[in-house]
Structure formats: structure tokens, C-alpha cells
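User: I am new to reading protein structures, and I would like to understand how each label is justified. Could we go through the reasoning step by step?

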Amino acid sequence: MLPQYERLREPLLAGDPLGAGATEPGMRRSTVRIRFGKLAVTTAMLPVLGFLFCVVWSLMYNFVQANATHCMVYNFLPSLSAAIGNYQPQRFVWQFSVLLHAPPRYAIAFLYKNHHLSLLARKHRKEWAYLACILNIVELSSLVGLSLWTSSSSYEIHKFCFSAFIVCSIAYMGLVVHINRLSRIDEMLTLAERKSFRYKRRLMWVNLLSILLAVYFFLRHNQYCEPYVYSLFALSEYVFVYSNIGFHMTAYWDFIHANMYFHWRTGLHFSSV
């Protein structure tokens, strides 16, 4: 689903048939407007499709290598690290999708900061909005790091980034749900806001459950070396990744009426209408 956009011409100023600042015919100043909800979904779909490609390609062309473990038992799903970082073209596709979606995600993080500040204005808890923004930025930066430094090339860096991604992701989700629960009255929510909050809570619990299951299956695999257990660990990782992406996709409902504007002189800015 591609974002909708339109080019807006600024009204002409009196005595300036070309518009303020124009120097030649046909060089009117203009602004590009993009529906922010569509942009949020498009941004989130990049890692969704990128990760799906990596898993499917690994199963089709690197099945034996991607599913191999130190236990030498049969498995049918590659782990997250094996699928996105150990083979080509999977590594390139994943890195491309993550790096392409990162700039809009950083912009959304700061937009959420302002959104949370407005929600917490009467609660005198503005520091939570800044903390949520920091967690969001560190989570995204960790995702970029674990994608660029793979487990096969730089294991220690990859492990650190992966751990930071998990911790900040769970902490961010919990804090955002708490901010919304504290600052909103259910009867006064719009349909879009109510839907956003409902999916945030559900996806937070799915995300938390998936990482607990991943830890359980990982420890069990290392201790007992049973067939299929490492694949269950990988499946739990997949649920963790997609529930995380789904949580961030709720920006579609949070900013459903918002627009992003780009002007060649003033750059990017956002508005609620």
C-alpha cells in the first residue's frame, strides 16, 4: 500500500504573479503532502516483506545450512540470525529493507514524543514521554546494528545489539501502553484511538509471551538436543519480530488524520490535519 500524496501550490501574493521568491516563469513554490497513516504502514511493510523473503529463500536454497546446529538434529525453520545474516541475497535484502525504513521510523519516534507529551501534559509525567522516545530510538538503532553486524561476521556486536533490541522493545511497549492507560478515558476515545490502544495491548502481550517461549526453547535445545525444538525457538523469534512490527504499525490509527509535508525550503514537518 503506497502512500497517497499531492502537490499543493501556495497562494499567489499580490503583485507577485509567480509567487514569493520565484524568479522565473513556471517556478512556483510548492509543497508535497503525504498522508501519514499510509506512510506509517508502508514503512512497517518494508521489514515485514524483507524478513519474509529471507525466511522463504533460506528454506528454498539454504535449508540444510540454515537449519544446522551444534546438536546435529533435524530442524525445519532457520533462526532469525541465520535467516537474515548468514547468506546472500538474504543479507542484502534485509539490510536494505531495514536501512530504508529507518529514517521514517526515527521521524515517527519524535512525532510520538510530541504526542505523548500532549497526553501527559495534565499528569505531570512528561519525563515518561522523553523516556519512551529514547527507548524507541535505541530499539531502532539496535535493529540497524544487529542487521549490519551479523552473527557470522561480528558475533559479539550482534549479540549486544540483539539484546538491546529485545530489552528496549519490551520496555517501550510497556511504557507506551501505560502512558495510554494513564492519560486516556475510554469513553472519550475515537474509534481509531480505541482500536490502536486495543491492538497495542494485545501485541505487547504476544511479544512478551513469544520472547519467553524463545528463551525456553533455546535453553531446552541446548540442554537436551531434541529434534524440532530449535525450530520452535525460531518460530518464537518470528512471532516476536512480527508482533513488534505490528505494534509500531498502530501509528496508522494514532495519526490517521495527520499529514507529512515537504517543502524544498523548509524541509519536513508534520501536522494533525
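User: Where is Met72 found?

Analyst: This is a predicted model, and in it Met72 is found in the loop between H2 and H3. Its C-alpha atom and that of Pro227 are separated by 8.8 Å, although the two residues are 155 residues apart along the chain.

User: Why is Met72 called exposed?

Analyst: The label exposed requires a relative accessible area over 50%. Met72 has 70% relative accessibility, so Met72 counts as exposed.

User: How do you know that Cys71 and Cys225 form a disulfide?

Analyst: In general, a disulfide is a covalent bond between the sulfur atoms of two cysteines. The test applied here asks for sulfur atoms within 2.5 Å, and those of Cys71 and Cys225 are 2.0 Å apart, which satisfies the test. By this rule the count for the structure comes to 1 disulfide. Cys71 lies in the loop between helix H2 (63-66) and helix H3 (80-85), while Cys225 lies in the loop between helix H7 (191-224) and helix H8 (229-249), so the pair ties together parts that are 154 residues apart in sequence.

User: What makes the disulfide of Cys71 and Cys225 left-handed?

Analyst: The torsion about the S-S bond is about -55°, and therefore the disulfide of Cys71 and Cys225 is described as left-handed.

User: Which of the labels buried, partly exposed and exposed belong to Cys71 and Cys225?

Analyst: Buried means under 20% relative accessible area, exposed means over 50%, and partly exposed covers the values in between. Cys71 has a relative accessible area of 14%, so Cys71 is buried. Cys225 has a relative accessible area of 29%, so Cys225 is partly exposed.

User: Why are Cys133 and Cys168 called buried?

Analyst: The limit to compare with is again 20%. Cys133 stands at 7% relative accessibility and therefore counts as buried, and Cys168, with a relative accessible area of 10%, is buried because that value is under the limit.

User: What is noted about the backbone of Cys225 and Tyr228?

Analyst: Phi of Cys225 is near 50°, a positive value in a residue other than glycine, and phi of Tyr228 is near 75°, again a positive value in a residue other than glycine. Cys225 lies in the loop between H7 and H8, and Tyr228 lies in the loop between H7 and H8 as well. Tyr228 has 44% relative accessibility, so Tyr228 counts as partly exposed.

User: Why is the pair of Phe63 and Tyr74 called tilted?

Analyst: A pair of aromatic rings is described by the distance of the centres and the angle of the planes. To count as a pair, the centres must lie within 6.5 Å, and the pair is tilted when the angle is neither under 30 degrees nor over 60. The structure holds 18 aromatic pairs. In the pair of Phe63 and Tyr74 the centres are 6.3 Å apart and the planes stand at 40°, so this pair is tilted. The pair links distant parts of the chain, with Phe63 in helix H2 and Tyr74 in the loop between H2 and H3, 11 residues apart. Phe63, at 28% relative accessibility, counts as partly exposed, and Tyr74, with a relative accessible area of 47%, is partly exposed too.

User: How do you know that the span of helix H4 is close to the expected one?

Analyst: Helix H4 covers residues 90-119, which is 30 residues, and from its first C-alpha to its last it reaches 41 Å, close to the 44 Å expected at 1.5 Å a residue. A kink of about 35° lies in H4 at Ala102, shortly before the proline Pro103.

User: What makes Val144 a buried residue, and which residues is Val144 in contact with, leaving aside its neighbours within four places in sequence?

Analyst: Val144, whose place is in helix H5 (residues 126-148), has 14% relative accessibility, so Val144 counts as buried. Leaving aside those sequence neighbours, Val144 is in contact with Val98, Leu99 and Ala102, which means that heavy atoms lie within 4.5 Å. The C-alpha atoms of Val144 and Gln95 are separated by 7.9 Å, with the two residues 49 residues apart along the chain.

Methods:
Residues are numbered from 1 along each chain as its sequence is written. This is a predicted model: local features need pLDDT of at least 70, side-chain atom pairs count only at pLDDT 80 or more; totals for chains, interfaces and linings use all residues. Side-chain values use heavy atoms; hydrogens and water are left out. Helices (H or I, at least four residues) and strands (E, at least two) are DSSP runs, numbered from the N terminus. The expected span of a helix is 1.5 Å times one less than its number of residues. The bend at a residue is the angle between axes fitted to the seven residues ending there and the seven starting there. Buried means under 20% relative accessible area, exposed over 50%, partly exposed in between (1.4 Å probe, protein chains only). Rings of Phe, Tyr and Trp (its six-membered ring) pair if their centres lie within 6.5 Å; planes under 30 degrees apart count as stacked, over 60 as edge-to-face and the rest as tilted.
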